[in-house]
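Welcome! Below are some exercises to try with the sequence and the model side by side, each followed by a worked solution.

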Amino acid sequence: MTSQIDVIIDRVVQGIYRDMPELLERFGEQGRVKCREDNYHHIKHLNSARNLDSDDFFVDYVLWLNNILTARGMKTEHLIDNFKRLENEIGAVESFDEKDDYLSTLKKGIAELEELTVESSLYTKR
């Protein structure tokens, strides 16, 4: 049986590759596999943050991941987009015990990333 998490991640990954086909061209099928794996990691970290009652745990993960991905040629905007898709799909699930906690924590992670993109655009405009 497919879990709610599997359905959420399937929808997120399908949406990313539907809306950004250039990612498939750039990273191939292995990129799609990695995207799925990454989204399972995102959920694991959301769950850990919830269990620890620490949004900072997730925010630290988000900032760490952003540094790794941007060093490999991804953009912070891609990560923000991924998290917003995750937020939308989790929000669309009717009965999901962790829903409110996950959404609250995701919002904080997204806000941190959006602040990074604002700061970097300020530096590049100088």
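In what follows, buried means under 20% relative accessible area, exposed means over 50%, and partly exposed lies in between (1.4 Å probe, protein chains only). The model is a predicted one, in which local features need pLDDT of at least 70 and side-chain atom pairs count only at pLDDT 80 or more, while totals for chains, interfaces and linings use all residues. Residues are numbered from 1 along each chain as its sequence is written, and side-chain values use heavy atoms, with hydrogens and water left out.

**Exercise 1. Warm-up on helix H2**

Task: Decide whether Gly 31 is buried or exposed, and find how far Gly 31 lies from Ala 71 in space.

Solution:
- Step 1. Locate the residue: Gly 31 belongs to helix H2, where helices are DSSP runs (H or I, at least four residues) numbered from the N terminus.
- Step 2. Apply the cut-off: Gly 31 counts as buried because its relative accessibility is 15%.
- Step 3. Take the C-alpha atoms: Gly 31 and Ala 71 are 16 Å apart in space, with their positions 40 residues apart in sequence.

**Exercise 2. Two more residues of the same helix**

Task: Work out which class of accessibility Ala 49 falls into, and which class Asn 51 falls into.

Solution:
- Step 1. Ala 49 sits in helix H2, and Asn 51 has its place in helix H2 too.
- Step 2. Ala 49 is buried, at 2% relative accessibility, whereas Asn 51 is exposed, at 56%.
- Step 3. Now add distances. The C-alpha atoms of Ala 49 and Val 59 are 9.0 Å apart, for a separation of ten residues along the chain. For Asn 51 and Val 118, 67 residues apart along the chain, the C-alpha separation is 31 Å.

**Exercise 3. An unusual backbone angle**

Task: Find where Asp 53 is placed and what its phi is.

Solution:
- Step 1. Asp 53 is in the loop between helix H2 (21-52) and H3.
- Step 2. Its phi is positive, about 55 degrees, although Asp 53 is not a glycine.
- Step 3. Check the surroundings: with a relative accessible area of 73%, Asp 53 is exposed.

**Exercise 4. The span and burial of helix H4**

Task: Compare the reach of helix H4 with the expected one, then list its buried residues.

Solution:
- Step 1. The expected span of a helix is 1.5 Å times one less than its number of residues.
- Step 2. Helix H4 (residues 76-92) has 17 residues, and its reach of 24 Å from first C-alpha to last is close to the expected 24 Å.
- Step 3. Buried in H4 are Thr 76, His 78, Leu 79, Ile 80, Asn 82, Phe 83, Arg 85, Leu 86, Glu 87 and Ile 90.

**Exercise 5. Salt bridges of helix H4**

Task: Count the salt bridges, then trace the partners of Arg 85, Lys 84 and Glu 87.

Solution:
- Step 1. A salt bridge needs a side-chain nitrogen of Lys or Arg within 4 Å of a carboxyl oxygen of Asp or Glu. By this rule the count is twelve.
- Step 2. Arg 85 pairs with Asp 19, with 3.0 Å between the closest N and O atoms. This pair links distant parts of the chain, since Arg 85 is in helix H4 and Asp 19 in helix H1 (residues 4-19), 66 residues apart. Arg 85 is buried at 15%, while Asp 19 is partly exposed at 41%.
- Step 3. Lys 84 meets Glu 114 in a salt bridge at 2.9 Å, N to O. Glu 114 lies in helix H5 and Lys 84 in helix H4, so the pair ties together parts 30 residues apart in sequence. Glu 114 is partly exposed at 30%, and Lys 84 is partly exposed at 36%.
- Step 4. Glu 87 bridges to Lys 107, the closest N and O atoms being 2.7 Å apart. Here Glu 87 in helix H4 and Lys 107 in helix H5 are 20 residues apart. Glu 87 is buried at 15% relative accessibility.
- Step 5. Look for shared partners: Arg 18, Asp 19, Asp 81 and Arg 85 are joined into one network by salt bridges.

Conventions:
Helix = DSSP H or I, 4+ residues; strand = E, 2+ residues; numbered from the N terminus.
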